[in-house]
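This briefing introduces one protein structure to a first-year student. Please keep the sequence and the model in view while reading.

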Amino acid sequence: MRKSILSFILLVCASMAVCQPRIVPHGASARISIDGTNMLILGGELSNSAATCTADIDSVLPRMATLGLNTILVPAQWDLTEPTEGKYDFTLIDRTIQKARECDLKVIFLWFGAWKNSMSCYAPEWFKKNTRKYPRSMTQSGKPLEIASVFSENVFQADHRAFTQLMRHIAEVDRDHHTVIMVQVENEIGMLEDARDHSPEADKLFNGKVPDELVDFLKKHRNELHESMRARFSGHGGTWREVFGDDLYTDEIFMAYHYAKYVNRLARSAREIYDIPLYVNAAMNSRGRRPGEYPSAGPLAHLKDVWHCGAPDIDLLAPDIYDTGFKGWAAQYALPDNPLFIPESRCCENSGVRALYAVGEHNAVGFSPFAIDQAPATDTQHLTKSYNLLRQISPLLDQIKGKNAQWGVLFDQEDRERVITDGPYSLTCRHYFTLPWDPRATDGSTWPEGGAAILRIAPLEYIIAGSGVVVTFQTTTEKQQSESRTLGEDGFATAGSGKTTKQSRFQGKRLGIVYVDEVKVSADGSLVYQRRDNGDQDHQGRHARISVGEYRILHVKLYEY
Ligand code: DGJ
């Protein structure tokens with residue numbers, strides 16, 4: 001009986017190829033599943049030219065493995081893959097896969113095809129020079145841009161031929177290994193200088209009607225539309241201006257639809273060849289820029305509905321987060337219809353706590369700082385320590401998925417506190433430097449960010465995996481009745497900051513700390529005691545803390561009294 005069940009499972013697995021990498025639901029978010037096992041992507045993206053010769057691949061990949069990554073994101077450049085039209089060279093792809101296997105790393109290839117950061121700089125020479133066959137986008141003034149036209153079937157066919165060859169090759173060499181777990185289609189697509197292409201072909205389509213497909217999609221998903229789309233969409237068909245209004249944002253919507261359709265044709269073919277997860281990435285529209293001033297029409301949050309309509313074969317729309325406001329950008333992509341994956345982010349000393357935040361708060365599919373091969377050890381050491389924590393808590397995240405029992409906190413000098421309400425309990429989380437006793441808090445230097453993933457693993461039991469944070473625990477009723485006092489560096493209230501008015505009688509229960517233990521987490525999710533953090537280390541039972549620069553996992557057990 002057991003044997004027949006096993007053979008049935010194996011048969012289903014083989015016939016549906018369920019063991020191939022794929023995106024699977026994980027609570028309200030997702031994970032990549034490889035050979036039936038979920039993996040949290042602890043990634044790093046190589047700088048653009050780091051893997052353009054075999055010698056560099058040989059030296060960079062082992063170095064990446066020692067940093068504690070489990071996945072590297074590596075460009076697959078069109079010009080190096082098809083230097084002569086119709087002749088493909090996969091030497092660099094093969095070497096990357098081979099080295100990655102030796103180093104126990106997974107690979108995400110980034111197709112630098114027709115577009116890379118808006119431009120067509122990675123198109124091969126034979127493509128670049130033949131502008132008659134492979135036309136460029138045009139500004140309103142008629143200036144050609146080094147941006148291949150999304151409206152040209154020749155551009156598409158050339159790009160498609162090369163991309164599908166790449167997918168075919170990956171399938172051939174990796175189908176039985178699953179080293180390559182995902183592919184990014186193009187890189188930071190978007191129009192620059194003008195919000196849309198003004199070539200005659202583009203103008204003709206722009207002056208025509210919005211395709212029914214898009215109008216119907218927006219009507220059908222009216223309640224889930226991005227707020228800016230909800231405000232713009234007229235609710236009926238017509239020309240682009242009639243449906244979306246007469247301004248630059250309509251130009252952008254028009255381009256987004258056509259970029260998405262183009263990408264989806266690539267994605268659909270790729271899936272027919274080798275069905276692994278596919279995503280697209282976006283440069284953010286930060287600092288108040290308007291369409292045309294940032295790479296417009298890419299998979300930006302305010303265009304997610306257009307991209308979802310035009311590119312249903314893409315699994316994820318992913319933000320590249322370089323600007324300030326990490327939490328805000330991440331939140332815009334962590335949606336019920338789009339799990340958060342951060343393929344690029346500035347590699348810095350704050351990368352470690354940002355990764356913990358993204359996974360804690362949004363259960364992110366993965367995180368990956370850019371140009372990790374060029375970052376100094378003073379920065380990457382934070383990521384290594386943080387990934388070590390994330391790797392450990394990953395089984396706990398599996399156990400609590402879908403239970404609303406996880407949070408992420410991220411603090412800097414301005415944004416110092418967050419109160420988490422967990423049913424009847426309040427967790428007041430702050431930057432470690434809000435404590436009075438660390439001189440680095442007041443010596444004038446910029447505070448490194450502090451952050452953590454916080455998990456409720458059982459009633460009155462929490463895990464805090466992070467760096468540079470302090471957490472106090474109260475019942476919500478206790479919190480409502482509490483008063484704030486200024487503490488001196490010895491942890492006692494400073495003179496004169498105590499109560500001055502008569503207090504009303506205390507109501508309800510309080511929360512106390514049974515213990516704070518530093519732990520390690522084993523692969524099966526069990527906690528392994530390391531040391532006890534009571535006494536001075538938890539301010540005699542008042543809080544749990546991890547100082548700036550330390551990366552630790554604390555197990556906090558609480559009781560009511
Ligand atoms: C985002 C791009 O996707 C990367 O390839 C690289 O150009 C970085 N920007 C540079 O900051």
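The points below concern a pocket, the aromatic rings and the surroundings of a ligand.

The structure is a predicted model. It holds 26 aromatic pairs, and its second largest pocket has a volume of about 350 Å³. Nine names make up the ligand's surroundings, as listed below: N48, K116, N117, N187, E188, D320, Y322, E344 and F370.

**The second largest pocket**

- Rolling a probe the size of a water molecule over the atoms reveals where empty space remains.
- The lining of the second largest pocket consists of 21 residues.
- Nearest the centre of this pocket lie A28, S29, E361, H362 and N363.
- Helix α14, which spans residues 351-362, gives the most to this lining, namely three residues.
- By character, the lining residues comprise eight nonpolar, ten polar and three charged.

**Aromatic rings**

- A pair of aromatic rings is described by two quantities, the distance of the centres and the angle of the planes.
- Ring pairs join F151, F206, F233, W240, F244, F254 and Y257 into a cluster.
- F206, a member of that cluster, has R196 over its face, at 4.0 Å from the ring centre.
- The ring of F156 has the charged end of R265 over it, 3.7 Å from the ring's centre.

**The ligand**

- K116 is one of the residues around the ligand, and a polar atom of its side chain lies 2.9 Å from a ligand oxygen atom.
- For N187, the distance from a polar side-chain atom to an oxygen atom of the ligand is 2.8 Å.
- For E188, the corresponding distance from a polar side-chain atom to a ligand oxygen atom is 3.5 Å.

Note on methods:
Residues are numbered from 1 along each chain as its sequence is written. This is a predicted model: local features need pLDDT of at least 70, side-chain atom pairs count only at pLDDT 80 or more; totals for chains, interfaces and linings use all residues. Side-chain values use heavy atoms; hydrogens and water are left out. On a 1 Å grid over the protein atoms alone, a cavity is a set of points where a 1.4 Å probe fits but cannot get out, and a pocket is an open set with protein on both sides within 12 Å along at least five of seven lines; lining residues have an atom within 4 Å of a point. Grid points are joined across faces, edges and corners, and a volume is the space filled by probe spheres set on the points. Helices (H or I, at least four residues) and strands (E, at least two) are DSSP runs, numbered from the N terminus. Ala, Val, Leu, Ile, Met, Phe, Trp, Tyr, Cys and Pro count as nonpolar, Asp, Glu, Lys and Arg as charged, and the others, Gly among them, as polar. Rings of Phe, Tyr and Trp (its six-membered ring) pair if their centres lie within 6.5 Å; planes under 30 degrees apart count as stacked, over 60 as edge-to-face and the rest as tilted. A charge sits over a ring if NZ of Lys or CZ of Arg is within 6 Å of the ring centre and within 35 degrees of the ring normal. A residue is near a molecule or strand if one of its heavy atoms lies within 4 Å of it. A polar contact is a pair of N or O atoms within 3.5 Å; within protein, one must be able to donate a hydrogen and the other to accept it, and residues adjacent in sequence count only if both atoms are side-chain atoms.
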